[in-house]
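Visitor: Please take one part of this model and go through it closely, with the cut-offs stated as you use them.

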There are 2 protein chains.
Amino acid sequence: MKNILTGMRVIEASAFVAAPLGGMTLAQLGADVIRIDAINGGLDYHRWPVTKHNVSLFWNGLNKSKRSIAINFRTPEGAELAKQLISAEGDNAGMLLTNFPARGWLDYEELKQHRPDLIQLTIQGDRHGNSAVDYTVNPSMGLPFLTGSEQSQDPTNHVLPAWDCITGQMAALGLLAAERHRRINKEGQHIKLALADAAMATMSHLGFIAEAQLGEQRPRYGNYLFGAFGRDFVTSDHHRIMVIGLTPKQWQSLCLATDSQQQMLDLATQLNLDFSQEGDRFIAREQIAECLEAYISAQTFNTIQSRFNQHGVCWSRYQSINELVANDPECSTNNPMFNNIEQANVGSYLAAGAPWDFSLFDRLPAQPAPTLGQHTDEILSEILRIDSSQIGKLHDKGIIAAS
Amino acid sequence: MKNILTGMRVIEASAFVAAPLGGMTLAQLGADVIRIDAINGGLDYHRWPVTKHNVSLFWNGLNKSKRSIAINFRTPEGAELAKQLISAEGDNAGMLLTNFPARGWLDYEELKQHRPDLIQLTIQGDRHGNSAVDYTVNPSMGLPFLTGSEQSQDPTNHVLPAWDCITGQMAALGLLAAERHRRINKEGQHIKLALADAAMATMSHLGFIAEAQLGEQRPRYGNYLFGAFGRDFVTSDHHRIMVIGLTPKQWQSLCLATDSQQQMLDLATQLNLDFSQEGDRFIAREQIAECLEAYISAQTFNTIQSRFNQHGVCWSRYQSINELVANDPECSTNNPMFNNIEQANVGSYLAAGAPWDFSLFDRLPAQPAPTLGQHTDEILSEILRIDSSQIGKLHDKGIIAAS
């Protein structure tokens, strides 16, 4: 089956989230993405979550749909093989994605000698090349002090490695942009992308940096949506829901569905505010929430669900990840983005393919992650045209491994 | 100044985060991105944070480096102008990014009649086309129950609209992938991308879905890094730091820098664990943290900083957004990603350009966001070749506006 990037080949030398996610994004859109690993796996090979037998669900999740080659790249001969693979011929090849230091067999200037139109994207911790990870970048961005209960003094770390996920998509995007340039101008290049810069750029784009620079110090607002109305509530039968009144239409629907139009008008008059203005809804968020809470906490979830859907309220139900997986039809093979994969050493489970739905292509099903070195021999034979006796010798010398 | 996407033109009809961020990403890489807005601005035109004069720093942050055309697209004539703009000629044009319902003047099938090779990317709430926003998607993903203090029972919402930011990058990437396909195969297409699917795909890729499906229910772990060692600590002079021991090297550096090698060996022996295994470090995280806390809480920040840097520890300091902006040299014009912009109705402040550093291009400085309709006349003249007397009539009829 073909998809939008079928034919493109990318070599990936990576670990953890951003680079593997960037590579997998391209792989799930049809690219042939070859992850080069050390013979016993990289630094992320045992990253949690793991199965009872210590098989990493994290690694398998982030390397789906790729091919794997295992090379002892600490030997000169292994490093040479890796370099040959990166600089191998082909109009749609010659692309490298890495989050390792761009030196040794990953040195762009050196690789360029072998393939002048090489495109290399190197993800760095910071722009100086210092190491940094999502867990160290996030505390520097200030958001942990805005997360969690208004009563709390302590920072709250995020659980989603959001900066990594954003950077992973940016890495894939950077490669496509450079490949476009190469297609038009026949030149390759080296692209550097720092995790810390991706985070700071996002902070700038969302207005956080401007707000602080212009003299505001935003406090914590708990689970309130900032700048309009939104908060979580609990129904009489203990279901927690999130309710949003960001746009005028959402706000009107919410008032209608909770029979609170008159009450909200009175409240606004009393406070000398105008709730058609989103900012005024934010200013009065606690009083608004009090009115809504009186209503919502007296209704069952079913009543709320039916009334809210009837009026087109923007809302959702909180659910645990286990509930998402067990109960939500969107997180199942009902959703064409998902299919069950048979993952070696793990078993069968639900996996997502690419979320894009291109009208010219059927969706590619998610493919299992490879086992370490699963494609070592076929890659050396197919791409580097190494014959089987040579491949045998490389195995004997411990320079490559296959699973 | 040129950058990697100079020459490409994208029409954007959007509001809020994902679509404007996707468009701005392309704009900051050199594309000519034209945002079409209603004459009085879209739903996000007053989104907080705002200045004291109610000018949106959010809107200005997410629309930097674009051009703006203001059209009353509720009139047939206005809708017709918008359609002409979207389907205008040019090999590098014919691209549309929207998060509005793909109907009326945004109906792909209709637009395709005018430009058969049109590429349209439509961001949807869910794959059925129902509305959903980051604030309603996130509660469904289960992460709010994993965020915050281990003692808490209640969900903690994230403050960064992470799903929106991820989807924004995905939107830009989807457009580039489709443009590559068009360049090769001369065909356009419609791409749908649902926010809820982007979120669930990410949950799958990180292993959260597999973990739940295989029977684990992950509890909250507060500020601990999951699956290895990492946590926040406070120095004797009350600075909070994040400390990571994810890789073997990071763990060894941390033990060395805190003089705790022997203590950690003894602790591991006592617990019958092997701290060279990241999972064992996680199992013993509380005891490890106790040892480290005894050390760190007795040292000043300066001592910690000097020892940790000397030993190459992976760590960072928590800072508020205000501290980031006021004190961190990376968040200043020392960093070539940043420059000061003069934003109409706001003033001068620091803004980020694109975080990618392409070796063939100098970085494009961030450009201010346009005022609403700032480029209305020039766009109609330049792209649709409408003469100035016609443009005058469109103004008179209230079909377009300029600022």
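Guide: What follows covers a sheet of chain B and the helices around it, then turns to the core.

This is a predicted model, in which local features need pLDDT of at least 70 and side-chain atom pairs count only at pLDDT 80 or more, while totals for chains, interfaces and linings use all residues. Residues are numbered from 1 along each chain as its sequence is written, chains are lettered from A and ligands numbered from 1 in the order in which they are written, and side-chain values use heavy atoms, with hydrogens and water left out.

In chain B, three strands make an open antiparallel sheet in the order S7-S8-S9. Helices (H or I, at least four residues) and strands (E, at least two) are DSSP runs, numbered from the N terminus; two strands pair if DSSP finds at least two bridges between them. The edges are S7 (229–234) and S9 (314–317) of chain B, each pairing on one side only. From one strand to the next the twist averages 15 degrees; axes are lines fitted to C-alpha atoms, for helices over the stretch in contact, and angles run from 0 to 180 degrees between N-to-C directions.

Six bridges join S7(B) to S8 (residues 240–245) of chain B in the antiparallel sense. B:Val234 is opposite B:Arg240 of S8(B). Across S7 and S8 of chain B lies H12(B), at about 35 degrees to S7(B). Helix H13 (residues 301–310) of chain B also packs on the sheet, where H13(B) touches S8 and S9 of chain B (contact means heavy atoms within 4.5 Å) and its direction makes about 150 degrees with that of S9(B).

Helix H12 (285–296) of chain B, together with helix H9 (248–257) of chain B, is included in what covers the buried residues of H10(B). Those residues of H10 (residues 261–271) are B:Met264, B:Leu267 and B:Ala268; buried means under 20% relative accessible area, exposed over 50%, partly exposed in between (1.4 Å probe, protein chains only). Viewed down the axis of H10(B), they fall within an arc of 95 degrees, so they line one face of the helix; the arc is that of the directions from the helix axis to the C-beta atoms. On the other side of H10(B), the exposed residues are B:Gln262, B:Leu265, B:Thr269 and B:Gln270. Just after H10(B), B:Asn272 has a positive phi of about 60 degrees.
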